[in-house]
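Biologist: I've got a structure here that I'd like to understand a bit better. Could you walk me through it while I ask questions?

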Amino acid sequence: MIPAWAYTSIWWSVYPLGACGAPIRDADFPGPHHRLGRLENWLDHIVEIGCNGLALGPIWTSTSHGYDVVNHFTIDPRLGDDQDFDDLVNACRRRGIRVLLDGVFNHVSRDHAWVSSVLEEGRASQWAPLLRFDDRDPQGLSRFEGHGGLIELDHSHSEVVDYVASVMNHWLDRGADGWRLDAAYRVPNQFWAQVLPEVRTLHPDSLVVAEVLHGDYAGIAQEAGFDSVTQYELWKAIWSALKDRNPHELMWALTRHDETRGRELPWTFVSNHDVTRIASMVGLQGAKVATGILMALSGTPAIYYGDEFGWLGEKTESWSSDDQIRPVLGEYPGWSSDQEQILGFTKAAIHLRRSHPWLVDAELSIIECSQSVLRWKMTGKNSESIHVELNLAATEPHLRISDAAAELLAI
């Protein structure tokens with residue numbers, strides 16, 4: 001069952017290694033280097049813009065970018081140690097901020113002890129049953145999406161089930177409120193259907209968000225036991241509509257999005273740590289429109305750190321492609337006069353959502369879709385409603401949100 005607190009969540013999502021200024025490729029081991037505390041300085045900013053959730057990227061001991069985990073039970077020494085984690089969680093608690101962790105459970109680093117043992121001893125290693133094998137690979141191990149440094153776990157093994165459940169429970173015991181399951185689309189739903197009951201027995205109020213790229217989101221959530229699924233279809237349709245000045249894909253995606261209502265709580269976003277930032281995709285005006293759309297739809301919305309300031313960042317194919325979209329945060333919040341204007345709009349959009357909490361599971365109905373205009377209505381369970389109009393006819397896109405009495409937001 002989706003925890004009740006999740007229905008009022010608006011998340012601020014951050015990639016800790018990048019945001020805290022940790023080296024990614026030339027790790028400064030040994031540690032700890034107490035960088036995680038930098039995020040504490042931004043917690044008041046999170047509250048001020050209207051968010052009440054902190055979604056952390058990976059913070060476990062890893063080889064480089066955090067998704068190549070070496071030890072799921074230890075904080076990456078580039079970020080600090082257990083005390084730094086406890087301090088951050090406690091600082092969030094004092095402000096009413098929930099904490100979501102990033103669970104990398106499809107694969108581990110090539111430097112993980114299990115992998116090292118198998119590379120040395122082969123299938124005679126005691127850890128061999130826990131890893132997936134691929135005879136096409138030179139070293140016989142299954143790589144995640146071809147990445148040589150990421151070795152996939154064998155999710156059919158009961159010991160892997162127990163291991164993942166123990167990791168999730170460990171950090172929930174320490175004060176986390178839930179998990180984002182990285183690359184959940186690569187893991188059999190049956191695996192999660194075994195893991196999650198073990199977790200919820202001890203932590204029934206925890207939230208589980210699954211990274212899924214496409215498919216029947218609600219059906220996957222129900223089969224696996226997820227509370228929420230990343231809404232990549234909606235993300236793609238929003239920026240495509242703004243970039244191509246064509247609302248038809250968005251109309252289709254909104255209809256699909258509405259079909260998940262009541263069956264899962266969609267995780268909605270317009271940027272994240274894996275994609276080009278929305279302002280780089282569609283410009284600053286388009287980014288404001290995208291944020292307005294995000295706040296006027298059902299689901300639990302997430303703001304990617306820096307988007308509230310209109311930060312730019314392009315995902316490329318180079319070996320350092322993620323650096324632009326995972327930048328360093330200042331030691332303390334600060335912004336320019338240009339960023340202040342964008343920040344003010346972000347606050348207004350989030351305020352609209354806060355003042356209409358029923359939007360989280362509201363019904364969506366399309367009113368009009370023409371060559372350049374898309375209009376829809378959001379209706380709550382008690383017949384509350386707002387109208388949203390996206391106009392793509394002018395040089396810059398425009399958005400208008402209103403109720404029966406007044407205009408609520410105009411861009």
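Biologist: Let's start with a detail: over the ring of which residue does the charged end of R123 sit?

Modeller: Keep in mind that this is a predicted model. A charge counts as sitting over a ring only if it is within 6 Å of the ring centre. The charged end of R123 is 4.0 Å from the centre of the ring in question, and that ring belongs to F133.

Biologist: And which ring has the charged end of K236 over it?

Modeller: Here the distance to the ring centre is 5.2 Å. That fits the cut-off of 6 Å. The ring under the charged end of K236 is that of W239.

Biologist: Let's zoom out. What radius of gyration does the chain have, next to a compact globule?

Modeller: The C-alpha atoms fill a box of roughly 70 × 45 × 40 Å along the principal axes. With 411 residues, a compact globule would come out near 22 Å. The chain agrees with that, as its radius of gyration is 21 Å.

Biologist: How much of the chain counts as buried?

Modeller: The chain has eleven helices and 18 strands. Take contacts with a separation of 6 or more: residues 24 or more positions apart account for 69% of them. As for burial, a residue needs under 20% relative accessible area to count, and among the 411 residues the buried share is 58%.

Biologist: Which helix gives the largest share of the largest nonpolar core?

Modeller: In soluble globular proteins, nonpolar side chains tend to be buried together. The largest nonpolar core here has 136 residues, and W12, W192 and F226 have the most contacts inside it. Its largest share is ten residues, and they come from residues 278-295, which is helix α10.

Biologist: M295 is in that helix too. Is M295 buried or exposed?

Modeller: Leaving aside neighbours within four places in sequence, M295 is in contact with I10, P301, I303, A349, I350, L352, R353 and L359. Its relative accessibility is 1%. The cut-off is under 20%, so M295 counts as buried.

Biologist: Back to W12. What kind of aromatic pair do W12 and Y305 form?

Modeller: There are 22 aromatic pairs in the structure. For W12 and Y305, the ring centres are 6.2 Å apart and the planes are at 70 degrees. An angle over 60 degrees counts as edge-to-face, so the pair of W12 and Y305 is edge-to-face.

Biologist: How far apart in sequence are the parts that this pair ties together?

Modeller: W12 lies in strand β1, while Y305 lies in the loop between β13 and α11. W12 is buried, at 1% relative accessible area, and Y305 is buried at 0%. Both belong to one aromatic cluster with W42, Y304, F309, W311 and W335. Because of where the two rings lie, the pair ties together parts whose separation in sequence is 293 residues.

Biologist: Last one: how many of the 13 residues of α8 are buried?

Modeller: Helix α8 covers residues 232-244 and reaches 18 Å, close to the 18 Å expected at 1.5 Å a residue. Its buried residues pack against α7, α9, β12, α10 and β16. Among the buried ones are Y232, W235 and W239. The helix is mostly covered, and the number of buried residues is ten.

Conventions:
Residues numbered from 1 in each chain as written. Predicted model: local features only at pLDDT ≥ 70, side-chain atom pairs only at ≥ 80, totals over all residues. Heavy atoms only, no water. Core = buried A, V, L, I, M, F, W, Y, C linked by side-chain atoms within 4.5 Å. Buried < 20%, exposed > 50% of the residue type's maximum accessible area, 1.4 Å probe, protein only. Helix = DSSP H or I, 4+ residues; strand = E, 2+ residues; numbered from the N terminus. Contact = heavy atoms within 4.5 Å. Phe/Tyr/Trp six-rings, centres within 6.5 Å; stacked < 30°, edge-to-face > 60°. Lys NZ or Arg CZ within 6 Å of the ring centre and 35° of its normal. Rg over C-alpha atoms; globule rule 2.2 N^0.38 Å. Expected span 1.5 Å × (residues − 1).
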